[in-house]
Amino acid sequence: MEITAKPLAELWAGLFQMLRDPDAPRPDIVAVPSHWTPQLARLGLLMELSALEPAFDPAACPAPLRPHACPEEGKAFSLPWRLEAPALFCRGDILERGGLRPEELASPDAFRRACRSLGKVAGGRALLKGPSGSLRWRDAAPFVWARGGDFFSTEGRALFAREEALRGFEDLFELIAEGALVLSEDSGLPVPGIGEGGCVFELGPAPEGPYADRVVALPFPGGAAPLLWALHLAVPSDCAFPAEAWKRVRSLSPAPPPLPDVRTLPALLLAGTLERILERALERLAVLALGGAYSKQGLQDEVAHAAAEADAVSGQYA
Amino acid sequence: MPSFGHGTLYRFHQELGRPVSGTQELLSRALGLMAPLLRAERLSVLSCRRAERSLRLALCRERGRLVGRDETLVLGPDAPLWQLVEGRRRRLCFAKPRPLLYVPLRWEGGCWVLRVERFARRPLRLPSACGGGREEDGRARPFTARERVLARLLGEELARSLRQTLKAEQNRSLLGRLMELTDMTAVFAGSLRVEHGLRVIAQGVARRFGLDRVRLYLVDSASGVLRGEVSVDVRGRALSLRSEELPLDEGEEEGGLRKDLFEDRALAVPLVVKGQRIGLLVADNLLSQQTLPSADAALLKTYAGQIALAVDNARLFEEVQALSLYDALTGLPVRRFFTQRFQEELYRSERSGQPVSVAMLDIDRFKAVNDTYGHQTGDAVLREVGCAISRNLRKLDFSARYGGDELLVLLPQAGPEEAVSIMSRLLQEIRRIRVPVEFSKAGWVGASASIGLASYPHDGRTVDDLVRKADEALYWVKSHGRDGLADTRIILNNPQGNLL
């Protein structure tokens, strides 16, 4: 068995290469972000799993991820493999030193204020650990949802240029511009995790490390449900050994865990395409924020541009 | 300056000088050679995107293995790493959280970055049989001055090879594209049908340039629009685009594309022949959102001239063919075209067992019309009869000018009875023709026709047999008073006269 791990951008390009060139080498199983499934299925890249095993019940997929796995009623094209539902963690001792209590961080504004006031007692640590790698949709989602905003309607129309979403983006990029949210250290390495004492707040899995016992979990500001992000396994439609591939997918797909109240990225027919448009805007804004050139007007322009492009592309492929 | 073993740099130079398939192989080889020299656990090469002020992981080698990882470093203008890229620092070295060294891979017009890392080894408790205790103190040794200089020199050597390889890769890709395009030109230059040619062009361009979608439009001069012809999707499937129209005038939205929005992910290339616009090629990567490389865009623009010529050739060929297949006066197909079509229809009837009939039609006293009212009036009568035929036949029927005032009509899926019914209706229509003639008493001249019919399989099984039988029936009608129709049954059952 040969396993190839690819960064998401490379995986996306590889999937399109498979579409364009029927002779291109292709794997027997692919692992893709769950919300790409509807688009890849529509492009005819994925095999319908119930066609491989008629007795298979798509309802076996956890309910929050079912719209991703089953873009058509009763037809599943992928199964969950790796699930992540990051929570917001905080160093309780530093919070106390700053004279704050966890319940005082319940709103996005209170969280922003806390980030400013804790700067003095953080001991040179980053306040909020940024994502390793580039800024992605999933990184921006908690900020936008916390302000009651959203990204796309169920038909794929861009909603992220609306006021609530803009306020969420403002929170995110102002934290970067103020140096509170650190994308990478001067060394180019990611900020060490909260459990290792590298930051005050972290959005991620349960922390490990020498400082893990000082960490407390916080509710998401604005009461937003945490994001459930998943990698799904699927069988490419022209797989040479579909039965064997399906058997392997079944064995690798875990039994659905009990999932708390979570939110997923929307299941859209152009999710992968729209994600790339949005993430390009996020990257440009990150450059502006890091370069001290960030402004609200610049944010509005960039987001409005991305929303117009997303709508135009949706219109072309409606 | 610290010194190195004599052969270190020379061996590295020699190894990098060996042929490689591309950048990945070069980097993989270089990192493999550097790892023991620099005693590094992990070596990474980051490509630089100046416009986005970011570094992106190109290749990472960790403990002998190549590792794929999503890593993009978006940097502030004063970030130490960006200072390194811009040449404001010669190298960048960190001791915490682990020994880390950045070396620029700089060449004229470009800069990538090499990252060298050492990990803190995890404390390992040895078994008591080995004396117990800890093997490592948990800290990795920082880079010495000698190692930093060596890393810089190795980086300079790698940068030279990297530049050559990138250039060679670029040239190879360009040459490959040009050769493929030359082959493609030969294929569609040989395609004489516009529809087929356009499909070949669109599919070829989509495949060779790795595009999500290619659309072709041709100028419709009559309606002043660009009319959609063919669209090829990401899987290379060709679809008709006939229902789509675009305005001819250029603007911000040429080809239905918002240039301001789609930037380098879409391209509209006008197809121009001798300074005249004949169409538009629209290519995009909107679905994958991949950038159309500027070299490809330039190549496609250059290549558009070849495409335009091929399309124009195919169009001209179809026009010439149409001229040779259709009669200029009546607008009906000529006899040669009719015979070809009749033969195809007979093959189809043989397979399906369905009947097919043929009618031969002669305009009554046409010579007298020409002699009395002049050839212009004769031509007008002929044109009117042609129009009546075109108007009154079924969609599947096919008519042709056989020669002089004789016309042929092919009636697929029509047996003798149905053929008689169809042609009777046509006969009625011909009788209603009135061609204005100023100097005649009535002010117009009318028309009538004699029609002979033959049907497959009753009257014959070949084109010649059936046309001959229809001709015999026609002469029977002409000899029995004209202005009527007959088939072989009538002739056999009613040899004395009485038209149908």
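**Helix 10 and helix 11**

I looked first at how helix 10 (residues 271-290) of chain A and helix 11 (residues 296-316) of chain A pack in this predicted model, and I noted an angle of about 165 degrees, with the axes 10 Å apart. Angles over 145 degrees count as roughly antiparallel, so I entered helix 10 of chain A and helix 11 of chain A as roughly antiparallel to each other. For the handedness of the crossing of these two helices of chain A, I recorded right-handed.

I then listed the residues that meet: from helix 10 of chain A these are Thr273(A), Leu274(A), Ile277(A), Arg280(A), Ala281(A), Arg284(A) and Leu285(A), and from helix 11 of chain A they include Gly298(A), Leu299(A), Glu302(A), Val303(A) and Ala306(A), with Glu309(A), Ala310(A), Val313(A) and Ser314(A) further along the list. Sorting the residues of the contact between helix 10 and helix 11 of chain A by type, I have 9 nonpolar, 3 polar and 4 charged.

**Cysteines**

I next searched for disulfides, and the count over all chains comes to 0. I checked Cys61(A), which is in no disulfide, and found the nearest cysteine sulfur, that of Cys70(A), 5.7 Å away, whereas a disulfide needs the two sulfur atoms within 2.5 Å. Looking up the accessibility of Cys61(A), I found 2% relative accessibility, and therefore it counts as buried.

Cys199(A) is likewise in no disulfide, and for this residue I noted the sulfur of Cys90(A) as the nearest cysteine sulfur, 9.7 Å away. The relative accessibility of Cys199(A) is 0%, so I entered Cys199(A) as buried.

Notes:
Residues numbered from 1 in each chain as written. Chains lettered and ligands numbered in written order. Predicted model: local features only at pLDDT ≥ 70, side-chain atom pairs only at ≥ 80, totals over all residues. Heavy atoms only, no water. Buried < 20%, exposed > 50% of the residue type's maximum accessible area, 1.4 Å probe, protein only. Axes fitted to C-alpha atoms, helices over the stretch in contact; angles between N-to-C directions. Helix = DSSP H or I, 4+ residues; strand = E, 2+ residues; numbered from the N terminus. Parallel < 35°, antiparallel > 145°, perpendicular 65-115°, else oblique. Left-handed = near helix turned anticlockwise from the far one by under 90°. Contact = heavy atoms within 4.5 Å. Nonpolar A, V, L, I, M, F, W, Y, C, P; charged D, E, K, R; others polar.
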